[in-house]
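User: Please show me the model, and then justify the terms applied to it.

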Amino acid sequence: MFLLKTWRSTAFGIYGYMNFTKNGFLDHSKKFKPEDMQIQIQGKNCVVTGANSGIGYAAAEGLASRGATVYMVCRNKERGEEALSKIQNSTGNQNVYLEVCDLSSVNDIKSFASSFASKDVPVHVLVNNAGLLENKRTTTPEGFELNFAVNVLGTYTMTELMLPLLEKASPDSKVITVSSGGMYTSPLTTDLQFSGEKFDGVLQYARNKRIQVALTEKWAEKYKNKGIGFYSMHPGWAETPGVARSLPSFKESFSGKLRTSEEGADTVVWLALQPKEKLVSGAFYFDRAEAPKHLTLAGTSKSHDLIDSVIDTLHSMAALDP
Ligand SMILES: NC(=O)c1ccc[n+]([C@@H]2O[C@H](COP(=O)([O-])OP(=O)(O)OC[C@H]3O[C@@H](n4cnc5c(N)ncnc54)[C@H](OP(=O)(O)O)[C@@H]3O)[C@@H](O)[C@H]2O)c1
């Protein structure tokens, strides 16, 4: 097991250094087609979580600049309002709205979902971007480990509760979940709240991001007749407030080599704009292309068999209707 873990970290480090940095983006962008991003999406409603900062902000701005109606879901009203007015000013699009919701709370997500549903707007694109890497083990007032609460349970609850509105926009609707290449270092595990061993925030984050990829795969299969496309993606390594806060030494050692938030959000916006026939539901994307979900010899692929049991647990934690 020690050798396997060492191999996963080494393979991830090498693959990441070659692909996830700014140089990787510049290299991959030689194959990008400019016309892919020239699509206008007036009249499409996009919900972006964690839209006041970093990659979420850049994604919301990128969608607003192409005419979408954007609902920015942020946990803090002041930060949300500031970001909202910046996006309205930079894009000239006034159809940008703030929704306040703490994604670490199932109850808050439920009240957001019920008040949002009363607007009766079809949701064409849901971007599950809100996320964090908290290095210390903290528990939410609802009793869940914080990384898990936001990255996994929040993403799960939000997506499940938005399904009726996504269905209203079908067959055009998409769910784009911002995962991370960090998931390459971990198989899927059923120890969702990291209670089985000494807490390691980086490993918990990797496990959470692996769950997002497996969840996306499962949603694509389970809801294939609903006309909704499900995609997970990796933004690459981008210099954001989140990285500065959670990984200060990583940020320092990669100084000048990290992507901008816009470069990180590029594939989110690309996925939102492309016709669904061009995309593979359930797939993992990176730099506008389908990417592997597992690194060679990393021994993580069989673990996806556990996703049904993970979903059962999430479903009962969120106390959703059967
Ligand atoms: N940057 C990278 O290199 C990188 C690499 C791989 C994956 N990602 C993923 O990209 C996504 C965005 O991260 P980022 O780097 O842009 O970090 P960021 O600048 O910290 O942005 C994270 C966003 O999520 C929000 N958020 C956190 N906890 C929340 C909660 N409880 N309820 C509602 N919103 C919450 C934050 O709100 P506040 O501003 O209020 O905290 C912020 O708007 C995350 O899912 C992250 O895992 C990033």
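Analyst: The terms are taken up in turn below, each with its criterion. This is a predicted model, in which local features need pLDDT of at least 70, side-chain atom pairs count only at pLDDT 80 or more, and totals for chains, interfaces and linings use all residues. Residues are numbered from 1 along each chain as its sequence is written.

User: Why is the protein called as compact as a globular protein of its length?

Analyst: The radius of gyration, taken over C-alpha atoms, is judged by the globule rule of 2.2 Å times the number of residues to the power 0.38. For 322 residues the rule gives 20 Å, and the radius of gyration of the protein is 18 Å, close to that value, so the description holds.

User: Why is Thr6 counted as exposed?

Analyst: A residue is exposed if 12 or fewer other C-beta atoms lie within 10 Å of its own, buried if 20 or more do, and partly exposed in between, with C-beta atoms placed from the backbone. Thr6 has 10 such neighbours inside 10 Å, so it counts as exposed. Thr6 belongs to helix α1 (residues 2–19); helices (H or I, at least four residues) and strands (E, at least two) are DSSP runs, numbered from the N terminus.

User: What makes strand β6 largely enclosed by the rest of the structure?

Analyst: Six of the six residues of β6 (residues 229–234) are buried, and therefore the strand is largely enclosed. Gly229, Tyr231 and Met233 point one way, Phe230, Ser232 and His234 the other way, and all are buried.

User: How do you know that β5 and β6 pair?

Analyst: Pairing requires that DSSP find at least two bridges between two strands. Strand β5 (residues 174–178) and β6 have five bridges, in the parallel sense. Thr177 has Ser232 as its bridge partner in β6.

User: What makes up the largest nonpolar core, and which residues have the most contacts inside it?

Analyst: A nonpolar core is a set of buried Ala, Val, Leu, Ile, Met, Phe, Trp, Tyr and Cys residues joined through C-beta atoms within 7 Å. The largest has 83 residues, and Val48, Ala59, Ala60, Val70, Met72, Val127 and Val268 have the most contacts inside it. Helix α6 (residues 146–168) contributes the largest share, 11 residues.

User: With which residues is Met72 in contact, leaving aside its neighbours within four places in sequence?

Analyst: Contact means that two C-beta atoms, placed from the backbone, lie within 7 Å. Among the partners of Met72 on that basis are Val48, Ala60, Leu84, Val96 and Leu98.
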